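Student: Please take me through one ligand site in close detail, along with the metal site beside it in your account.

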Amino acid sequence: MIRDITLGQYFPGNSVIHRLDPRIKIIWTFFYIVLLFFVNNFWGFLVYVVFTAIIIRLTKIKPKLIFRGLRPVLFLLLFTVIVNVFMTGGGDVLFKFGFLTVTTEGLKFAGLMAMRLILLVTGTSILTFTTSPIMLTDGIERLLSPLAKIGVPAHAIAMMMTIAIRFIPTILDETDKIMKAQKARGADFESGNIIKRAKAMTPILIPLFISAFRRADELATAMECRCYHGGEGRTRFKQLKIRKLDIISLLFAPLLLAAVVATKYIF
Amino acid sequence: MIELRNVSFIYSDDGPFETKALNDISLKIEDNGFYGLIGHTGSGKTTLVQLIAGLVKPSSGEILIDGVNIAEKKFKMRDMPQRIGLVFQYPEYQLFEETVFDDVAFGPRNMGCDEAEVRRRVTEALQTVGIKEKYYKASPFELSGGQKRRVAIAGTISMEPPVLILDEPAAGLDPHGRESILQKITKLQKDRKITVILVSHSMEDIARTAEKVIVLNKGKLEMLGTTREVFAKGERLSEMGLSIPEISRVVLGLRERGINIREDVLTVDEAAEEILKLAAEKGLIK
Ligand SMILES: Nc1ncnc2c1ncn2[C@@H]1O[C@H](COP(=O)(O)OP(=O)(O)OP(=O)(O)O)[C@@H](O)[C@H]1O
Ligand SMILES: [Mg+2]
């Protein structure tokens, strides 16, 4: 189960999407997310699905892997759908069990919300799947650098984000290991009521916290030993450069926007 | 008895990082034996012991423990015919209780032992690993690395499993700590007549303790035989990036120089005895 969480994982590759400048990818992802919230009809989603499918194709990462990232949010997805189905009024009534009514509007709204969530997770996973953590930080840092002038610690924020992202898989690995170890000592995480299960988490959480602190401490020491002292005066081995590919990719943004807007008026 | 039939294990099915960690392993582990498990790093030792302990299910194949197939999908850990105790690599990272005593008691309590029984088991386990009574009420996090390791091992021993698997219990300990932990495990195996599987990178440790040795190479079972049989195949072992105990190499070197010493010598004590015997024969000493 734990292993299904692919968040923060990077799949090395050399596809067009991998080669895009991280700044462009981050801007694209933001644009993708913001625009997604304006999509509210079937055709708009169709445009989005096709667009996302093409991007997935271009990354050359197996779609199965990308969709695996959805498994952990399945519960959230189900919850959203159920709540929306029953709580949205309006439209024709389809069924009625007691106080629960299912309306056409409800179904439609639930469907839209589910699609939105799926696309949201998929779209953002594409960013982390195709961008190495280092590139990602560089991108974030450069995008935040105008804010550094008004005192925002752009470098520190970017560094913290990368470290956090970088350690998600490590911590998941560790959780898996500790869970197995406690299971071998007869711990039972699967039975009992919610309170019992929550209590059963102590033998996992405590070792996990301790090792997270230890790791943070060790990492800080290791960074200091290599003379890390913040962003000031730090130069880069790999310079980010906007190339033709990046400009071309940006040209598709207005196209996507136009397509989405068009669906609103045409249908 | 533990029997593996054509067991394979693949990490992260269909992922980009897919690894066939174990490939078609068949072997039998007899009761009351002391087995050593060796192999180059990444050869699948940890994976194998986790499979035997029922913590993960194999991708294919059967694992029979006293005739019960624990590899079946519907098989649940609690129905395990006999408990298999597994001490993980670096087990000190799983300590979590407020006191040493409570941490060691975690296993027996999960098994449903009453408090008197828990007390007996914990005391015995801690005595076995050589933790003094004054530490029972201490926090496990205040102990030294070696003491933490012992407490963690006691946490498994206290469950009194008929099969005890230890994944590199001595890794990262000082020579004295190494020695003492291994001795305690050997003694436990003899006294309680349990089965022990010891994973180790140290050929010396294996030579000193194990009766039989399982050799893994890149996920495949390469050899399974008595310790002498396995270490007699020095060349094949070194092809796999393994070695034979240093003292065995010394003895082989002596033989190459025309000294007629027994070749299957495994420990320093044995070698000393053989050399003294030879010296006496030649009249060098009395
Ligand atoms: N959680 C995991 N996810 C993916 N692959 C893994 C995982 N754990 C181990 N592997 C891979 O499976 C193979 C066997 O690993 P295993 O840990 O069993 O080796 P080992 O013999 O115990 O090595 P070591 O001596 O270093 O402890 C290795 O190739 C390893 O990369
Ligand atoms: Mg291992």
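Tutor: In this predicted model, a backbone N or O atom of B:Gly42 sits 2.8 Å from an oxygen atom of ligand 1. B:Gly44 also offers a backbone N or O atom, at 3.0 Å from an oxygen atom of ligand 1. With B:Thr41 the contact comes from the side chain: one of its polar atoms is 2.5 Å from an oxygen atom of the ligand. On its own, ligand 1 has 640 Å² of accessible area, and the protein covers 69% of that.

The ligand is placed between chains A and B. Its shell consists of 15 residues, and the closest are B:Thr41, B:Lys45, B:Thr46, B:Thr47 and B:His201. Sorted by class, the shell holds ten polar, three charged and two nonpolar residues. Two elements of chain B, strand 2 (19–29) and helix 1 (45–52), each supply at least two shell residues. Helix 1 of chain B gives the most, with three residues.

B:Thr46 also has a part in the metal site. The magnesium ion (ligand 2) has as its protein donors OG1 of B:Thr46 and OE1 of B:Gln89, which lie 1.9 to 2.8 Å from the ion. B:Thr46 belongs to helix 1 of chain B, while B:Gln89 is in the loop between strand 6 (84–87) and helix 2 (100–110) of that chain, so the pair ties together parts 43 residues apart in sequence. As for exposure, B:Thr46 has a relative accessible area of 27% and is partly exposed. B:Gln89, with 27% relative accessibility, likewise counts as partly exposed.

Methods: Residues numbered from 1 in each chain as written. Chains lettered and ligands numbered in written order. Predicted model: local features only at pLDDT ≥ 70, side-chain atom pairs only at ≥ 80, totals over all residues. Heavy atoms only, no water. Near = heavy atom within 4 Å. Polar contact = N/O pair within 3.5 Å; in protein donor to acceptor, adjacent residues only side chain to side chain. Areas by Shrake-Rupley, 256 points an atom, 1.4 Å probe, with all protein chains shown as cover. Helix = DSSP H or I, 4+ residues; strand = E, 2+ residues; numbered from the N terminus. Nonpolar A, V, L, I, M, F, W, Y, C, P; charged D, E, K, R; others polar. Donors = N, O, S within 2.8 Å, 3.2 Å for Na, K, Ca; no water. Buried < 20%, exposed > 50% of the residue type's maximum accessible area, 1.4 Å probe, protein only.
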